[in-house]
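Hi,

Here is the structure I said I would pass on. Have a look at it first, and my notes follow underneath.

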Amino acid sequence: FSPQVDSANAGRVLASDAAVFLKKSGLTDLVLGKIWDLADTDGKGILSKQEFFVALRLVACAQNGLDVSLSSLNLPVPPPRFTDTNSPLLLSGTATSDVPWAVKLEDKAKYDAIFDSLNPVNGLLSGDKVKPVLLNSKLPVDILGRVWELSDIDRDGMLDRDEFAVAMFLVYCALEKEPVPMSLPAALVPPSKRKPVSVPGTMPLIPSSTSTKESHQSLPPVGILAAKTPLTQ
């Protein structure tokens, strides 16, 4: 039981203490609220040691794209990740540096070709240039919004070559009915971006300044996203 959350050493965690701790997971308040409701079985606003471990397990499930439900508790998932690296419960940001990147070389070459076809400026694509590619996948807008938020790792409103590859990887996964995770798994963080990161801030979903007419003109070659390629994570 971490001293960060069990400050009174009473073997239980108050809602206020747990909220501060769980927010370091980078998950949305909506997801964290669902996790709390499932873990706090008696609805008293206090978690026992066992209930706290259930909450941590559900955080790990959400971070790895699994449903936040009690049925996910028995599935194998890596430990939960938090931004505070001083606690023994937590993984440090540097521990993920040796994890192989989930984007395979042959897929990266394909994504790079799409990236170059969109005329990047100084190695970056604006949201307006990426948006038509995302919309061309015909995925729901809320899913595409999450893809954008996860792939814009440095939160600058632009995607570089590696970030674009993450976006394409997530799109293909979604097309294959794989759930888009709530936060970016360590294996998907490009090696060029691997360093301790702060909790992601909120970004607008997909930049919406492109008109419908412009979108049609800047769509990528037909079939880039329609030709689904099986990808294994």
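Let me start with a single residue: glutamate 178 has a relative accessible area of 34%, so it counts as partly exposed, the class between under 20% (buried) and over 50% (exposed). Before going on, bear in mind that this is a predicted model. Glutamate 178 sits in the loop between α7 and α8, the latter being residues 212–217. If you want a partner to look for, try leucine 66: its C-alpha atom is 9.6 Å from that of glutamate 178, although the two positions lie 112 residues apart along the chain count.

Now the overall layout. The protein has eight helices and four strands, and going along the sequence you get β-α-α-β-α-α-β-α-α-β-α-α. Of its 233 residues, 43% are buried. As for contacts between residues at least 6 apart in sequence, 65% of them link residues at least 24 apart.

Next, the inside. Which residues of the largest nonpolar core touch the most other members? They are Val147, Phe164, Met168, Leu170 and Leu188, out of 34 residues in that core. Four helices each put in at least two residues: α4 (105–117), α5 (127–135), α6 (141–151) and α7 (161–175). The biggest contribution is from α7, which gives twelve residues.

Leucine 188 is a good one to click on. Leaving aside residues up to four places away in sequence, leucine 188 touches Trp101, Ala102 and Val103, and also Val166, Phe169 and Leu170. There is also a second core, separate from the one above, with 20 residues. Among them are Phe21, Val31, Val54 and Val68.

Last, a helix pair. Helix α1 (residues 15–23) packs against helix α2 (residues 29–39) at an angle of about 130°, and their axes are 11 Å apart. Angles over 145 degrees would count as roughly antiparallel and 65 to 115 as roughly perpendicular, so α1 and α2 come out as oblique to each other. Their crossing is right-handed. On the α1 side the contact is made by Ala15, Ala18, Leu22 and Lys23, while α2 brings Asp29, Leu32 and Trp36. Sorted by class, that contact has five nonpolar residues and two charged ones, with no polar residues.

That's what I have for now. Shout if you would like to go through any of it together.

Cheers

Technical notes. Residues numbered from 1 in each chain as written. Predicted model: local features only at pLDDT ≥ 70, side-chain atom pairs only at ≥ 80, totals over all residues. Heavy atoms only, no water. Axes fitted to C-alpha atoms, helices over the stretch in contact; angles between N-to-C directions. Parallel < 35°, antiparallel > 145°, perpendicular 65-115°, else oblique. Left-handed = near helix turned anticlockwise from the far one by under 90°. Contact = heavy atoms within 4.5 Å. Nonpolar A, V, L, I, M, F, W, Y, C, P; charged D, E, K, R; others polar. Core = buried A, V, L, I, M, F, W, Y, C linked by side-chain atoms within 4.5 Å. Buried < 20%, exposed > 50% of the residue type's maximum accessible area, 1.4 Å probe, protein only.
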